[in-house]
Amino acid sequence: VWNQWHAELNELTRGFYEVSIRLNPDMSIIVQAPTSETGAGGNSAAVFSCAENLSFLNTKPEDILWTPLCDTELTLRDNAPTDSVISFLYAEAMAEAALKLKAEIIRRVAEYMEKKPGELDIADAKVFEIANPENSIDVSWFMLHTDCVPIHIHHARHNVRENAGLPYGAWFIEVEVDTEIGTVEVTNMAIVNDAGCVMHA
């Protein structure tokens, strides 16, 4: 027996979904990825993915505040929480949003340092000049001592792709059948599931 789900056809009706990352002047992070937690860990996956992809700021999961904010007048578009799909959808969106945040930090610091963005990079929560790494600015210092304004990144994406997540599973069952009285006894069973990337175990 085998199965597969979340092929491209299944995702056509989902439409765009949204996430946001807000970097506050105190280096705390507020994440919006509005959905209902159904037990598959989608909320946690969003936080873990955000922290991992903001490692250039030394961000840890405990530095992140996740908020659903389910006011339809103000918040982002909710996403249908169909089983575990939210876990990888929001994780992927957070990775892309983190790249936008990195680019915006570099853009602002480049203007302050009178450099071109392509001349700078970020590591260990410092923006530094690639050709002269000693010429650097702590992001925490920059956030507090310049405009002292949060950086807010909004990101929307669509999940329709050639392969939009194709997890498979296979079940093997060995049975003994008494052909005289018709009883069936399961003697052995093996279950193999393609779990994909395990976000949190």
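This briefing describes how the strands and helices of one structure are arranged. The model is predicted. One open sheet has 4 strands with mixed pairing, and another open sheet has 3 strands with antiparallel pairing. Helix H3 packs on the 4-stranded sheet and also lies across E5, E6 and E7.

**The sheet of 4 strands**

- Strands of a sheet pair through backbone hydrogen bonds, either parallel or antiparallel.
- In this open sheet the strands follow the order E4-E3-E2-E8, and the pairing is mixed.
- Strand E4 (64–67) and strand E8 (151–157) form the edges, each pairing on one side only.
- On average, neighbouring strands of this sheet are turned by 15 degrees against each other, direction ignored.
- Strand E3 (residues 29–32) runs parallel to E4, and 4 bridges join the two.
- Within that pair, Ile29 stands opposite Ile64 in E4.

**Helices on the sheet of 4 strands**

- Helix H2 (residues 42–53) packs on this sheet and touches strand E2 (17–23), E3 and E4.
- The direction of H2 makes about 145 degrees with that of E4.
- Helix H3 (residues 85–113) packs on the sheet as well, touching E2, E3 and E8.
- The direction of H3 makes about 140 degrees with that of E8.

**How H2 and H3 meet**

- Two packed helices are described by the angle between their axes and the distance between the axes.
- The axes of H2 and H3 come within 8 Å and cross at roughly 25 degrees.
- Angles under 35 degrees count as roughly parallel, and H2 and H3 are therefore roughly parallel to each other.
- The crossing in which H2 passes H3 is right-handed.
- On the H2 side, the contact is made by Gly42, Ala45, Ala46, Ser49, Cys50 and Asn53.
- On the H3 side, the contributing residues are Ile86, Ser87, Tyr90, Ala91, Met94, Ala95 and Ala98.
- Sorted by class, this contact of H2 with H3 contains 9 nonpolar residues, 4 polar residues and no charged residues.

**The length and end of H3**

- At 1.5 Å a residue, the 29 residues of H3 should span 42 Å, and the end C-alpha atoms of H3 are indeed 42 Å apart, which agrees.
- Glu114, just after H3, takes a positive phi of about 60 degrees.

**The sheet of 3 strands**

- This open sheet has the order E5-E6-E7, with antiparallel pairing.
- Its edge strands are strand E5 (120–123) and strand E7 (132–138), each of which pairs on one side only.
- The twist from one strand to the next averages 35 degrees.
- E5 and E6 pair in the antiparallel sense over 4 bridges, and Ala123 stands opposite Lys126 in E6.
- The hairpin formed by E5 and E6 has 2 residues between the strands, and Asp124 in the turn has a positive phi of about 55 degrees.
- Strand E6 (residues 126–129) runs antiparallel to E7, joined by 4 bridges.
- Phe128 has Ser136 in E7 as its bridge partner, while Glu129 stands opposite Asn132 in E7.
- A second hairpin joins E6 to E7 through 2 residues.
- H3 lies across E5, E6 and E7, running at about 125 degrees to E5.

**Around Glu176**

- Glu176 lies in strand E9 (residues 168–177).
- Glu176 and Val186 are 10 residues apart in sequence, and their C-alpha atoms are 6.4 Å apart in space.
- Leaving aside residues up to four places away in sequence, Glu176 touches Thr183, Val184, Glu185 and Thr187.

Definitions and conventions: Residues are numbered from 1 along each chain as its sequence is written. This is a predicted model: local features need pLDDT of at least 70, side-chain atom pairs count only at pLDDT 80 or more; totals for chains, interfaces and linings use all residues. Side-chain values use heavy atoms; hydrogens and water are left out. Two strands pair if DSSP finds at least two bridges between them. Axes are lines fitted to C-alpha atoms, for helices over the stretch in contact, and angles run from 0 to 180 degrees between N-to-C directions. Contact means heavy atoms within 4.5 Å. Angles under 35 degrees count as roughly parallel, over 145 as roughly antiparallel, 65 to 115 as roughly perpendicular and the rest as oblique. A crossing is left-handed if the near helix is turned anticlockwise from the far one by less than a right angle, and right-handed if clockwise. Ala, Val, Leu, Ile, Met, Phe, Trp, Tyr, Cys and Pro count as nonpolar, Asp, Glu, Lys and Arg as charged, and the others, Gly among them, as polar. The expected span of a helix is 1.5 Å times one less than its number of residues.
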